Structures are given as structure tokens and as C-alpha cells.
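Student: I would like to learn how to read a structure of this kind one feature after another. Could you take me through it, giving the general idea before the particular case?

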Amino acid sequence: MMENWRRAWKRALSRYDLYLMLLLPVAWYVVFQYGPMYGVQIAFRDYIPVKGITGSDWVGFDNFDRFFSSYYFGRLLWNTVSISLLSLLIAFPIPILLALLVTEIRSQRFKKLLQNITYMPHFISVVVIVGMLQLFLDPKSGFVNLILNAFGFESVPFMESEGWFKTILVGSNIWQNMGWASIIYIAALSGINPHLYEAAMVDGASRLRRLWHISLPGITPIMIIMLILDVGAFMNVGFEKILLMQNDLNRGASDVIQTFIYNNGILQGDFSYSAAVGLFNSAINFTLLVLINGYARRKAETSLW
């Protein structure tokens with residue numbers, strides 16, 4: 001054992017410059033990611049800031065029982081899960097399709113134009129995006145309702161409707177992020193050996209068959225890794241945007257776990273209760289990440305660890 005430690009120490013000294021470069025990100029993770037985990041025990045206490053964390057009374061799982069037995073638990077869980085499922089089923093494949101489309105375009109000018117058009121929304125502030133939605137979907141002056149009125153339909157209060165909230169949220173997220181998310185797939189496609197395409201063309205394979213048998217298998221490992229990451233953040237549904245879009249009329253569809261944590265923890269100061277809800281949310285993400293990573297490792301031999 002001591003001999004192994006000596007060898008490891010000698011290797012570290014021989015490449016000390018690399019370890020020095022690693023020191024800063026490791027310190028960042030320790031201070032800002034692992035250090036705050038000490039405060040997780042707030043979820044199991046009746047936390048009073050004056051008494052501090054350790055001075056507050058230990059209440060065990062009372063905060064969790066309060067949340068699970070509350071009348072809004074089912075609504076919060078359903079809204080969070082349904083938005084995440086819609087995003088996963090609809091938004092996840094679109095960057096892949098966009099990347100395949102971009103790589104198949106022969107005109108370099110049109111390809112660059114398409115990439116610039118799809119990339120730009122990613123750099124628009126969430127506040128601006130929500131402001132644009134409110135202007136475009138306004139029942140009186142929004143151009144969407146003006147078009148509906150021109151065809152004889154009545155105006156629709158999209159932003160005040162529970163039925164339209166999730167569609168607008170997921171649809172605007174796709175428009176904003178599909179170009180940026182496609183970059184990694186475009187990079188993966190560019191790394192596929194071009195001789196494979198040439199051989200397929202010689203064999204008479206159509207463009208669709210080349211996409212199906214060469215392009216998609218070539219980026220499958222990247223697709224699996226991105227799917228694992230998305231599933232690992234399944235319960236994180238974009239708190240900032242939902243909070244900006246939320247109002248009293250659409251709250252039945254827009255009230256999710258993260259907005260509930262904000263309203264109870266920040267606005268009302270119920271720290272222990274909101275910490276318990278946040279820990280429950282994180283526990284689901286962690287469980288899903290472990291499960292999907294293990295399944296991908298067994299079935300596809302591709303995983304994060």
C-alpha cells in the first residue's frame with residue numbers, strides 16, 4: 001500500500017503543473033458545491049436563523065410529511081413531471097434532427113445562415129423572451145391573435161390560460177435552445193470518417209440510408225450521454241422562465257416544485273419546509289441519474305461512469 005502511494009506521489013510531482021491547473025476547479029466545487037451540503041440538515045430541523053443550524057430543534061421527517069400530505073403536492077408533482085416529459089419527448093430529438101439537416105446542406109452560405117438564425121435565440125435573455133411572448137400573444141394587440149381575428153376566430157388569452165401554458169413554455173424553449181443544443185451533435189457528425197459515406201455511396205445507398213446507418217450510429221454515444229444528463233435534471237424545469245410567465249390565472253398549470261420552493265423559502269421565509277421540498281426534488285434527480293446511467297451502461301456500454 002505504501003509503495004502505491006509513493007508511486008502516485010512521484011507521478012503527481014512529475015506533472016505538478018497539471019495538478020496546479022486542476023486545483024482551482026476542485027476548490028470551486030468544494031467551496032460552492034460540497035460545502036453548502038452541510039446545510040441540508042435544515043430540512044430535518046425547525047430552522048430558526050437566530051439559533052443557527054445546529055441550535056435549531058431536530059424534527060426529523062416532519063417537513064417531508066407536511067409536504068406529502070398537503071393538498072397541492074399532487075398538482076406540483078404533476079406539473080413538474082408533465083413539463084419535463086414534454087421537454088424530454090419533444091425537445092430532445094429536435095437538436096439531433098437540426099444537426100442532421102445542417103450537415104446535409106451543401107450550400108455553405110445557406111448552412112451558415114441557418115446556424116446563425118437558430119443559434120441567436122440562445123443568447124436572448126429569459127426576461128426578453130417572456131416579454132416577447134407577452135407582446136406576440138396579447139389578446140388585443142398581439143400579432144398571433146390579430147391573425148386569428150383576420151380568419152374569423154376569437155382572440156385567445158394564451159398567457160392567461162392553463163391549457164396553453166405548457167405548450168407555450170416547451171415550444172419557446174425549443175425555439176430558444178435547439179440551435180445551441182445542436183452544436184455538440186454537429187461536432188460529433190463532423191468526426192465520422194468520411195470514407196464510410198463514400199463507401200455507402202459506391203454501394204448505392206440513398207441519403208436517407210446513409211443518415212440511418214452511418215450518421216445516427218456515429219452520434220449514438222453522444223445522444224446517450226446527453227439523454228443521461230437530461231434525465232439527471234428531469235425535475236429542473238426552468239424556474240426563472242416559469243416564474244416570469246406565471247400569473248394567478250395560469251397558476252394551476254404553472255405552479256411547479258421550484259416555484260413553490262421560491263415562494264415558501266424566499267418570500268415567506270419558511271426555510272426548513274422549502275429545504276425539505278428542495279431535497280425531495282434533488283433526490284428524485286439523483287435517483288433517475290443513477291438508474292438511467294446504469295441502464296445505459298448495461299444496454300449500450302456508454303455511460304457517465
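Student: Let me begin with a single residue: is Gly 269 buried, partly exposed or exposed?

Tutor: Please keep in mind throughout that this is a predicted model. Burial is read from the relative accessible area, where under 20% means buried, over 50% means exposed, and values in between mean partly exposed. Gly 269 has a relative accessible area of 32%, so Gly 269 is partly exposed. As for its setting, Gly 269 belongs to the loop that lies between α14 (257-267) and α15.

Student: How far apart in space are Gly 269 and Leu 133?

Tutor: From C-alpha to C-alpha, Gly 269 and Leu 133 are 31 Å apart, with their positions 136 residues apart in sequence.

Student: Before we go further into details, how many helices and strands does the protein have, and what are its spans along the principal axes?

Tutor: The protein has 15 helices and two strands. Its C-alpha trace spans about 80 × 75 × 35 Å along the principal axes. The radius of gyration is 25 Å, whereas a compact globule of 305 residues would have one near 19 Å. Of the 305 residues, 34% count as buried, and among contacts between residues at least 6 apart in sequence, 63% join residues at least 24 apart.

Student: How should I describe two helices that pack against each other?

Tutor: Two quantities are used, namely the angle between the axes of the two packed helices and the distance between those axes. In this structure, helix α4 (residues 73-91) and helix α5 (residues 93-104) pack with their axes 5 Å apart, at an angle of about 20°. Angles under 35 degrees count as roughly parallel, and α4 and α5 are therefore roughly parallel to each other. On the α4 side the contact is made by Leu 88, Leu 89, Ile 90 and Ala 91, and on the α5 side by Pro 93, Ile 94 and Pro 95. Sorted by class, this contact of α4 with α5 has seven nonpolar residues, no polar residues and no charged residues.

Student: Is Ser 82, which lies in helix α4, buried or exposed?

Tutor: Ser 82 is buried, because its relative accessible area is 7%. The C-alpha atoms of Ser 82 and Ile 94 are 18 Å apart in space, and these two residues are twelve residues apart in sequence.

Student: At what angle do the axes of α5 and helix α11 cross?

Tutor: The axes of α5 and helix α11 (residues 207-232) cross at roughly 130° and come within 11 Å. The two helices, α5 and α11, are therefore oblique to each other, and α5 passes α11 in a right-handed crossing. From α5, the residues Ile 96, Leu 100 and Glu 104 meet Arg 207, Leu 211, Ser 215, Leu 216, Ile 219 and Met 223 of α11. By class, the contact of α5 with α11 has six nonpolar residues, one polar residue and two charged residues.

Student: Which residues does Ile 224 contact, leaving aside its neighbours within four places in sequence?

Tutor: With those neighbours left aside, Ile 224 is in contact with Ala 296, Ala 300 and Thr 302. Ile 224 is placed in helix α11, and Ile 224 counts as buried because its relative accessible area is 16%. The C-alpha atoms of Ile 224 and Leu 304 are separated by 9.5 Å, although these residues are 80 residues apart along the chain.

Student: What is the handedness of the crossing of α7 and α9?

Tutor: The crossing of α7 and α9 is right-handed. The axes of helix α7 (residues 126-136) and helix α9 (residues 162-190) come within 12 Å and cross at roughly 125°, and α7 and α9 are therefore oblique to each other. In α7, the residues Ile 129, Met 132 and Leu 133 meet Ile 168, Ser 172, Trp 175 and Gln 176 in α9. By class, the contact of α7 with α9 has five nonpolar residues, two polar residues and no charged residues.

Student: Finally, what is the phi of Glu 301, and is Glu 301 buried or exposed?

Tutor: Glu 301 has a positive phi of about 55°, although Glu 301 is not a glycine. Glu 301 is found in the segment after α15 (271-299), and Glu 301 is exposed, because its relative accessible area is 71%.

Notes:
Residues numbered from 1 in each chain as written. Predicted model: local features only at pLDDT ≥ 70, side-chain atom pairs only at ≥ 80, totals over all residues. Heavy atoms only, no water. Axes fitted to C-alpha atoms, helices over the stretch in contact; angles between N-to-C directions. Helix = DSSP H or I, 4+ residues; strand = E, 2+ residues; numbered from the N terminus. Parallel < 35°, antiparallel > 145°, perpendicular 65-115°, else oblique. Left-handed = near helix turned anticlockwise from the far one by under 90°. Contact = heavy atoms within 4.5 Å. Nonpolar A, V, L, I, M, F, W, Y, C, P; charged D, E, K, R; others polar. Rg over C-alpha atoms; globule rule 2.2 N^0.38 Å. Buried < 20%, exposed > 50% of the residue type's maximum accessible area, 1.4 Å probe, protein only.
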